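Below is a short report on overall geometry, surface and symmetry. The structure comes first.

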2 protein chains.
Amino acid sequence: MTRVAIEKRVLSENDAEAAVIRQRLRREGTLCLNLIGSPGAGKTALLERTLERLSSENAVAVLTGDIQTDCDARRLMRYGHPVRQITTAGACHLDARMVARHLEGWPGHLDLLLIENVGNLVCPTSYDLGEDAKVVLLSVTEGEQKPLKYPGIFKKADLMILTKTDLLPYVSFDLERVRTNARLIHPAIEIIETSATTGAGLDEWIGWLAARAAGKQAQAEREVEHAGR
Amino acid sequence: MTRVAIEKRVLSENDAEAAVIRQRLRREGTLCLNLIGSPGAGKTALLERTLERLSSENAVAVLTGDIQTDCDARRLMRYGHPVRQITTAGACHLDARMVARHLEGWPGHLDLLLIENVGNLVCPTSYDLGEDAKVVLLSVTEGEQKPLKYPGIFKKADLMILTKTDLLPYVSFDLERVRTNARLIHPAIEIIETSATTGAGLDEWIGWLAARAAGKQAQAEREVEHAGR
């Protein structure tokens with residue numbers, strides 16, 4: 001078997017596993033987001049501020065992926081929501097099997113499942129985890145060319161979150177140009193500008209989450225009603 | 001053939017190709033460095049400042065890898081040294097074959113060949129390009145845990161260049177902790193702190209380069225002398 005054939009088989013096995021996860025989350029009305037960004041893009045910091053703002057009435061959980069260490073899970077556990085670390089032991093991305101394994105025995109219903117992928121702007125793009133949407137994080141310290149240089153993830157993400165906007169006065173980063181570049185790759189991409197340090201943009205992000213979660217919940221209820229007729 | 005067997009074969013084919021490159025560069029006394037870091041770690045900015053400081057008497061050339069675009073090559077060509085862009089069209093790392101192909105027909109002797117890998121802290125680590133040393137770039141906006149979370153590259157790199165130190169007043173980043181973390185993973189790793197914006201640390205980096213290049217040149221001359229006896 002050639003390398004390309006093996007890659008295709010791996011991806012198709014992954015897609016089958018992801019479809020099972022997607023079906024389960026759809027039945028349960030759980031919104032699932034797959035957060036992707038470079039190492040240091042601010043994924044964990046955004047999740048900390050998100051968990052802090054979601055009250056304990058929101059049934060939210062986090063799966064956080066890293067090659068090594070459980071630093072991120074320990075940071076995230078402080079907010080009283082369930083968090084599980086996935087350690088990939090070298091792999092450069094999460095795959096659906098890892099997610100499925102870590103969903104086993106999860107307690108009760110979830111409104112929202114946030115998956116923090118391994119820090120990598122390339123490889124996680126190819127692996128469906130059964131999510132409703134991919135969200136790409138790009139920090140203002142990384143430069144405006146990134147959507148052009150790493151088009152795969154910007155094509156697939158519904159939302160681009162610009163992070164670390166508090167650093168804008170100290171770096172050369174043109175907000176208008178990054179928006180243009182992202183939309184060249186994906187005209188319909190949504191964009192939210194945030195700073196986990198100052199809190200800027202977090203209300204907009206939480207609002208986006210809430211609207212998406214409500215849509216998912218309504219869909220699940222319609223399907224239950226339809227099945228019950 | 002299993003996926004693992006395929007991966008092993010790909011890596012062993014790559015190693016064979018890298019050995020040919022290494023032999024050629026050794027014969028010619030060319031120091032070759034493989035620069036690895038996240039997207040936005042500041043690889044291109046460091047190379048710009050490096051090319052600017054190396055006089056035209058230094059025979060230096062750059063191969064710069066990206067998934068898409070030739071933005072980086074265009075930035076780097078302004079300094080009067082030969083630059084070639086390697087576009088990987090989706091691949092998350094450079095491999096030795098891409099390097100070999102782009103070395104073909106390179107004009108004359110080189111003292112120094114700088115290879116800027118694809119922005120990725122994971123995958124490029126596994127692919128030998130025939131270099132004398134890997135150099136890992138870590139920006140101070142990425143956090144001090146990176147050596148622990150991405151140990152592979154920090155184990156293999158001879159040198160860690162901390163970049164964007166001009167941003168230290170505006171971010172929470174503990175220099176002492178990152179040094180400790182890097183040395184936990186690789187006790188002998190060398191560390192240079194730089195800012196492409198202020199120029200801090202660049203003399204130290206150029207000095208490191210010059211010492212390494214002189215060592216490589218002296219080795220090549222000894223071997224020619226030995227062969228001539």
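What radius of gyration would a compact globule with 229 residues have, and what does chain A have? The globule value is near 17 Å and chain A has 18 Å, which agrees; the radius is taken over C-alpha atoms, and the rule is 2.2 Å times the number of residues to the power 0.38.

This is a predicted model, in which local features need pLDDT of at least 70, side-chain atom pairs count only at pLDDT 80 or more, and totals for chains, interfaces and linings use all residues. Residues are numbered from 1 along each chain as its sequence is written, chains are lettered from A and ligands numbered from 1 in the order written, and side-chain values use heavy atoms, without hydrogens and water.

Chain A contains eight helices and seven strands, taken as DSSP runs (helices H or I, at least four residues; strands E, at least two) numbered from the N terminus. Further values for chain A follow.

| Property of chain A | Value |
|---|---|
| C-alpha trace along principal axes | about 55 × 50 × 35 Å |
| Buried residues (under 20% relative accessible area, 1.4 Å probe, protein chains only) | 55% of the 229 residues |
| Exposed area (Shrake-Rupley, 1.4 Å probe) | about 9,800 Å² |
| Share of that area from carbon and sulfur atoms | 51% |

Of the contacts (heavy atoms within 4.5 Å) between residues at least 6 apart in sequence in chain A, 72% join residues at least 24 apart.

A turn of 180° with a shift of 0.0 Å along the axis lays chain B on chain A with an RMSD of 0.0 Å, superposed by least squares on C-alpha atoms of residues with pLDDT of at least 70 in both. This is the relation of a two-fold axis. Both copies use the same surface, since 100% of the contact residues of chain B recur in chain A.

Key
Buried means under 20% relative accessible area, exposed over 50%, partly exposed in between (1.4 Å probe, protein chains only).
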